[in-house]
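Visitor: I would like to go through this model term by term, and to hear for each label what justifies it. Where shall we begin?

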Amino acid sequence: MKTMKEKIDWIISQHEQTNHKYDGYLPYQYHLRMVVSVCERFIHHVELIAKDDIILASYGHDLIEDTRVTYNDVRDVLGYDAAELVYALTNEKGKNRKERGND
């Protein structure tokens, strides 16, 4: 069983392996940490989902669409509940942001 830190490190490493940058020059984890920081401000409103799964999904929200991992990879590392949240946050395929923005 991986620790929370190991899971977060795995998420960040997946983005590093694809050389993603935020705003063209910052490490992509900058964006991920910004998302988590907003999530942490509002997480107290959620009662039915484990807080750790919400945090992992916040870090991992771009995994399936932006890295070389599949839903099954995410599930194997982060667990079923976090993987379901990551999948729910994943955009569909499309040529532009409008096409990718699913319901």
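Guide: Let us begin with burial, for which a residue must have under 20% relative accessible area, whereas over 50% is called exposed and anything in between partly exposed. Please keep in mind throughout that this is a predicted model.

Visitor: Why is H31 called buried?

Guide: The relative accessibility of H31 is 16%, and because buried means under 20%, H31 counts as buried. This residue lies in helix α2, and, leaving aside its neighbours within four places in sequence, H31 is in contact with Y22, H61 and D62.

Visitor: What makes the pairing of the side chains of H31 and H61 a polar contact?

Guide: The side chains of H31 and H61 make this contact at 3.1 Å, and since the cut-off for a pair of N or O atoms is 3.5 Å, the value falls within it, so the term applies.

Visitor: How do you know whether H61 is buried or exposed?

Guide: H61 has a relative accessible area of 13%, and because the limit for burial is under 20%, H61 is buried. H61 is placed in the loop between α3 and α4, and, not counting residues up to four places away in sequence, H61 touches H31, L32, V35, V86, L89 and T90.

Visitor: How far is H31 from Y59 in space, and how far along the chain?

Guide: Their C-alpha atoms are separated by 8.9 Å, while along the chain the two residues are 28 residues apart.

Visitor: H61 also belongs to a pocket lining; which residues accompany H61 there, and which helices supply them?

Guide: The second largest pocket, with a volume of about 210 Å³, is lined by V35, V38, C39, V46, I49, I54, A57, S58, H61, L85, A88 and L89. The helices α2 (29-42), α3 (51-60) and α6 (80-88) each supply at least two residues of that lining.

Visitor: How does the lining of the second largest pocket divide into nonpolar, polar and charged residues?

Guide: The division is 10 nonpolar, 2 polar and no charged. Asp, Glu, Lys and Arg are what count as charged, so a lining with no charged residues holds none of these four.

Visitor: Let us turn to α1. How do you know that the span of α1 agrees with what is expected of a helix?

Guide: The expected span is 1.5 Å times one less than the number of residues, so the 14 residues of α1 should span 20 Å, and the end C-alpha atoms of α1 are indeed 20 Å apart, which agrees. The buried residues of this helix are K7, I8, W10, I11, I12, Q14 and H15, and these pack against α2, α3, α4 (63-66) and α5 (71-78).

Visitor: T18 lies in the loop between α1 and β1; why is T18 called buried or exposed?

Guide: The relative accessibility of T18 is 18%, and because buried means under 20%, T18 counts as buried although it is in a loop. A polar atom of its side chain lies 2.9 Å from the backbone oxygen of H15, and the side chains of T18 and H20 are joined by a polar contact of 3.1 Å. Not counting residues up to four places away in sequence, T18 touches D66, T67 and R68.

Visitor: What makes the phi of N19 worth pointing out?

Guide: Most residues other than glycine have a negative phi. N19 is not a glycine, and yet its phi is positive, near 60°. N19 lies in the loop between α1 (4-17) and β1 (21-22); its relative accessible area is 62%, and because exposed means over 50%, N19 is exposed.

Visitor: Which value of phi does D23 have, and is D23 buried or exposed?

Guide: D23 has a positive phi of about 60° although it is not a glycine, and D23 lies in the loop between β1 and β2 (26-27). At 60% relative accessibility, set against the limit of over 50%, D23 counts as exposed.

Visitor: To finish, how many helices and strands are there, and what share of the residues is buried?

Guide: The protein chain has 7 helices and 2 strands, which run α-β-β-α-α-α-α-α-α from the N terminus on. Buried residues make up 35% of its 103 residues.

Terms used: Residues are numbered from 1 along each chain as its sequence is written. This is a predicted model: local features need pLDDT of at least 70, side-chain atom pairs count only at pLDDT 80 or more; totals for chains, interfaces and linings use all residues. Side-chain values use heavy atoms; hydrogens and water are left out. Helices (H or I, at least four residues) and strands (E, at least two) are DSSP runs, numbered from the N terminus. Buried means under 20% relative accessible area, exposed over 50%, partly exposed in between (1.4 Å probe, protein chains only). On a 1 Å grid over the protein atoms alone, a cavity is a set of points where a 1.4 Å probe fits but cannot get out, and a pocket is an open set with protein on both sides within 12 Å along at least five of seven lines; lining residues have an atom within 4 Å of a point. Grid points are joined across faces, edges and corners, and a volume is the space filled by probe spheres set on the points. A polar contact is a pair of N or O atoms within 3.5 Å; within protein, one must be able to donate a hydrogen and the other to accept it, and residues adjacent in sequence count only if both atoms are side-chain atoms. Contact means heavy atoms within 4.5 Å.
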